[in-house]
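Thanks for passing this one along. Here are my notes, set out as numbered points to read beside the structure.

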Amino acid sequence: MRTAIIVSGIVCLLAGVAAHAHGQRDLGRETLRADNGWAASGSGVTGGSTAVDAQVYVVTNRAELIAALNNRFAPEGLTLPRSEQFVEMRLDDYRVIRGDDGHVIGCVCLDDYSPSLVELVSLAVEPEHQRRGLGRALIAAALDLARKRQYPEIFAVSFSDDLFLHCGF
């Protein structure tokens with residue numbers, strides 16, 4: 001099921017989570033030291049034809065880095081401002097992509113609305129890393145997490161309707 005609702009130029013996209021399993025591939029697991037702020041093992045999923053094989057990580061304690069990336073886009077109205085406390089309380093709901101230097105260059109979060117509905121929020125990719133498939137990889141990782149948590153539906157409110165439509169919303 002796909003639904004798009006346009007509200008003042010913002011597109012609200014809704015999709016059944018199970019529908020997104022087609023065309024995804026597992027990128028495997030990487031073992032990380034627990035003391036460096038990233039989970040002991042993070043898995044990555046990309047959707048179909050991404051330009052890069054991005055490793056998507058589970059986060060254990062880097063809330064300040066995630067909040068800073070997300071808030072970079074808040075003045076333009078592209079993301080909602082997030083405090084470090086907001087991120088800390090939801091670390092299990094975040095997935096991130098790190099650059100070669102270890103910095104967070106992309107993030108996404110799931111925000112629970114009800115046992116049957118979750119919102120994809122805080123999707124952000126550093127401008128110099130955009131247009132390389134990282135947003136699609138993050139959306140795919142969020143969809144994978146929603147599927148594991150057995151949410152039947154996921155939605156996103158975004159100005160980037162083409163990206164979400166390309167990802168099956």
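1. Which residue lies over the face of Tyr-57? Arg-98 does, at 4.3 Å from the centre of the ring. Please keep in mind here, and in every point below, that this is a predicted model.

2. Now the overall layout. The protein has 4 helices and 9 strands, and along the sequence they follow the pattern β-β-β-β-β-α-α-β-β-β-α-β-α. Of its 169 residues, 47% count as buried. Among contacts with a separation of 6 or more, 58% join residues 24 or more positions apart.

3. Helix 3 deserves a careful look. This helix covers residues 134–148, which makes 15 residues. From first C-alpha to last it reaches 21 Å, close to the 21 Å expected at 1.5 Å a residue. Because 12 of those 15 residues are buried, helix 3 is largely enclosed by the rest of the structure. The buried residues include Leu-134, Leu-138, Ile-139, Leu-143 and Leu-145, and also Asp-144.

4. Helix 3 also matters for reading the largest nonpolar core, which has 23 residues. The members that touch the most others are Ile-97, Leu-110, Leu-120, Ile-139, Ile-154 and Phe-169. At least two residues each come from strand 7 (104–114), strand 8 (117–125), helix 3 and strand 9 (153–158). The largest share, 9 residues, is supplied by helix 3. Another core, of 17 residues, lies apart from this one, and its members include Ile-66, Val-104, Cys-107 and Cys-109.

5. Leu-145 is a handy residue to click on in helix 3. Is Leu-145 buried or exposed? Its relative accessible area is 7%, so Leu-145 counts as buried. Leaving aside residues up to four places away in sequence, Leu-145 touches Asp-92, Asp-93, Arg-95 and Leu-110. Leu-145 and Cys-109 are 36 residues apart in sequence, and their C-alpha atoms are 9.7 Å apart in space.

6. How many aromatic pairs does a search of the whole structure find? There are 2. In one of them, the rings of Tyr-113 and Phe-155 have their centres 5.0 Å apart and their planes at 75°, so the pair is edge-to-face. Tyr-113 sits in strand 7 and Phe-155 in strand 9, 42 residues apart, and the pair therefore links distant parts of the chain. Phe-155 is buried, with a relative accessible area of 10%.

7. The rings of Phe-164 and Phe-169 also form a pair, with centres 5.3 Å apart and planes at 90°, so this pair is edge-to-face too. Phe-164 counts as buried at 3% relative accessibility, and Phe-169 is buried with a relative accessible area of 3%. You have already met Phe-169 among the core residues that touch the most other members.

8. Next comes helix 1, residues 63–72. Its buried residues are Ala-63, Ile-66, Ala-67, Leu-69 and Asn-70. Why do they share a side of helix 1? They cover an arc of only 165° around the axis, which puts them on the same side. These buried residues pack against helix 2 (84–89), strand 6 (94–98), strand 7 and strand 8.

9. The loop between strand 8 and helix 3 is worth a moment, starting with Glu-126. Glu-126 counts as buried, at 13% relative accessibility. Not counting residues up to four places away in sequence, Glu-126 touches Leu-69, Arg-72, Phe-73, Val-104 and Ile-105. Arg-131 is found in the loop between strand 8 and helix 3 as well, but Arg-131 counts as exposed, at 86% relative accessibility.

10. Finally, a backbone check. Most residues other than glycine have a negative phi. Arg-131, although not a glycine, has a positive phi of about 70°. Gln-150, just after helix 3, takes a positive phi of about 65°. The place of Gln-150 is the loop between helix 3 and strand 9, and Gln-150 is exposed, with a relative accessible area of 66%.

Conventions. Residues are numbered from 1 along each chain as its sequence is written. This is a predicted model: local features need pLDDT of at least 70, side-chain atom pairs count only at pLDDT 80 or more; totals for chains, interfaces and linings use all residues. Side-chain values use heavy atoms; hydrogens and water are left out. The expected span of a helix is 1.5 Å times one less than its number of residues. Buried means under 20% relative accessible area, exposed over 50%, partly exposed in between (1.4 Å probe, protein chains only). A nonpolar core is a set of buried Ala, Val, Leu, Ile, Met, Phe, Trp, Tyr and Cys residues joined through side-chain atoms within 4.5 Å. Contact means heavy atoms within 4.5 Å. Rings of Phe, Tyr and Trp (its six-membered ring) pair if their centres lie within 6.5 Å; planes under 30 degrees apart count as stacked, over 60 as edge-to-face and the rest as tilted. A charge sits over a ring if NZ of Lys or CZ of Arg is within 6 Å of the ring centre and within 35 degrees of the ring normal. The arc is that of the directions from the helix axis to the C-beta atoms.
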